[in-house]
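Biologist: Thanks for sitting down with me. Could you take me through how the labels on this model were reached?

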Amino acid sequence: MEKKDLLTVLKDWRLHGVVFILVCITEAIGQFSISVGPGVILLLPMLYAFFLGLGLYFTPMINEKNSKNAEPLIVLGVTLLIAKIGFTIGPQIEAIIAAGPALLLQELGNLGTIFLALPLAVWLGFKREAVGMTHSIAREPNVGLIVNKFGFESPEGRGVMAIYIFGTVFGAAFLGLISGLLATATPLHPLSFAMASGVGSGSMMAAASGSLIAAFPEMEDQIVAFAGASNLLSLSTGLYVSIFIGLPLTEKLYEIMTRRKDKKDRLKEEGGKPNA
């Protein structure tokens, strides 16, 4: 960001005032928990702030200029979070090294979503868009991969951009809700969910780890350290996993699924025709 642009953002008093009021309101509301079977859905101030801020965009209080000025502030906030994670990882380095194989292989766990998301997308009627939508979590490096290979105007490009936008708007809120619920409803160790929260997005990781910390406050330092280390590995290795495994696997599965679907549709059409 240029110095002139930074000064413009810092002088946007309306934006800072609205953010300050939102923080005061959401912190005053506090944390709520909703029991769902054996698990708990944790409603945190970050979630309230997200939806209140989204709603204010459609009111006269926030205009397009304020919205544009808010974008770099998100980057600055995530930068401070990463700095804090760096300090937290240090004392936990022995535990992270001990969990080395799990951390190194956790990126392969992201591939598991292909087997769930791709069949669902094909069943819903998506064509080649499904390849871009389901090959990864669709963050910036993955958008670049799809656009570079297929082009921005391609069906795959439209698919990856759809998920990128959806993840940007709702990803943090979704992970913040689901991580706390699964961590309290399943017998899996909280640190496994901390590693799973490192999906390659700073805001999503912060939301997921925040819910885990609220559920297991005595493990705060370990959760932050494992989530941060996992996120760093996802950022550094996720693109290569997508290039060599994720995207080829998605394309192959899509080819198999659509071939079978087309065959079933053809047989159905032939079976429905009257005999000559």
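Modeller: Gladly! Let's start with a cut-off: a residue is called buried under 20% relative accessible area, exposed over 50%, and partly exposed in between. Please keep in mind that this is a predicted model.

Biologist: Then why is R128 called partly exposed?

Modeller: R128 has a relative accessible area of 25%. Partly exposed is the class between 20% and 50%, so R128 is partly exposed.

Biologist: What makes the contact of E251 and R128 a salt bridge?

Modeller: A side-chain nitrogen of Lys or Arg has to be within 4 Å of a carboxyl oxygen of Asp or Glu. For the side chains of E251 and R128 the N to O distance is 3.1 Å, so the pair is a salt bridge. E251 lies in helix 13 and R128 in the loop between helix 7 and helix 8, so the salt bridge ties together parts that are 123 residues apart in sequence.

Biologist: What other salt bridge does E251 make?

Modeller: The side chain of K149 also meets E251, at 3.2 Å from N to O. This pair links distant parts of the chain, with K149 in helix 9 and E251 in helix 13, 102 residues apart. K149 itself is partly exposed, at 49% relative accessibility. Through shared partners, salt bridges join R128, K149, E156 and E251 into one network.

Biologist: How many salt bridges are there in the whole structure?

Modeller: A search of the whole structure finds 5. One of them is between the side chains of E129 and R158, at 3.5 Å from N to O. It links E129 in helix 8 with R158 in helix 10, 29 residues apart. R158 has a relative accessible area of 44%, so R158 counts as partly exposed.

Biologist: Now the surface. Which residues form the nonpolar patch?

Modeller: L104, L105, L108, Y240, I243, F244 and I245 form the patch, with about 740 Å² of accessible area together. Helix 6 and helix 13 each supply at least two of its residues, and helix 13 gives the most, with 4.

Biologist: What makes F244 fit for the patch?

Modeller: Patch residues need over 30% relative accessible area and no salt bridge. F244, found in helix 13, has a relative accessible area of 65%. That value is over 50%, so F244 is called exposed.

Biologist: How do you know that helix 3 has the expected span?

Modeller: Helix 3 has 12 residues, which at 1.5 Å a residue should span 16 Å, and its end C-alpha atoms are 16 Å apart, so the two agree. Its buried residues are P45, L47, Y48 and L56. Seen down the axis of helix 3, these fall within an arc of 165°, so they line one face of the helix.

Biologist: How does helix 12 do against its expected span?

Modeller: Helix 12 has 14 residues and reaches 20 Å from its first C-alpha to its last, close to the 20 Å expected. Its buried residues include G202, M204, M205 and L212.

Biologist: Is A138 buried or exposed?

Modeller: A138 is buried: its relative accessible area is 0%, and the cut-off for buried is under 20%. A138 is found in the loop between helix 8 and helix 9. There it has a positive phi of about 65° although it is not a glycine.

Biologist: Why is G112 called partly exposed?

Modeller: G112 is at 41% relative accessibility, so it counts as partly exposed. G112 is found in helix 7. From C-alpha to C-alpha, G112 and G246 are 9.6 Å apart in space, with their positions 134 residues apart in sequence.

Biologist: And what is the class of S192?

Modeller: S192, found in helix 11, is partly exposed, with a relative accessible area of 30%. The C-alpha atoms of S192 and I223 are separated by 9.2 Å, and the two are 31 residues apart along the chain.

Biologist: Where is confidence lowest, and where is it highest?

Modeller: Confidence is lowest in helix 1, at a mean of 67, and highest in helix 8, at 94. The protein chain averages a pLDDT of 81, and 84% of the residues score at least 70. Where pLDDT is low, the predicted coordinates should not be read in detail.

Notes
Residues numbered from 1 in each chain as written. Predicted model: local features only at pLDDT ≥ 70, side-chain atom pairs only at ≥ 80, totals over all residues. Heavy atoms only, no water. Patch = residues over 30% accessible without salt bridge, like charges linked within 9 Å, V, L, I, M, F, W, Y side chains within 5 Å. Areas by Shrake-Rupley, 256 points an atom, 1.4 Å probe, with all protein chains shown as cover. Buried < 20%, exposed > 50% of the residue type's maximum accessible area, 1.4 Å probe, protein only. pLDDT = per-residue confidence, 0-100. Expected span 1.5 Å × (residues − 1). Arc of directions from axis to C-beta.
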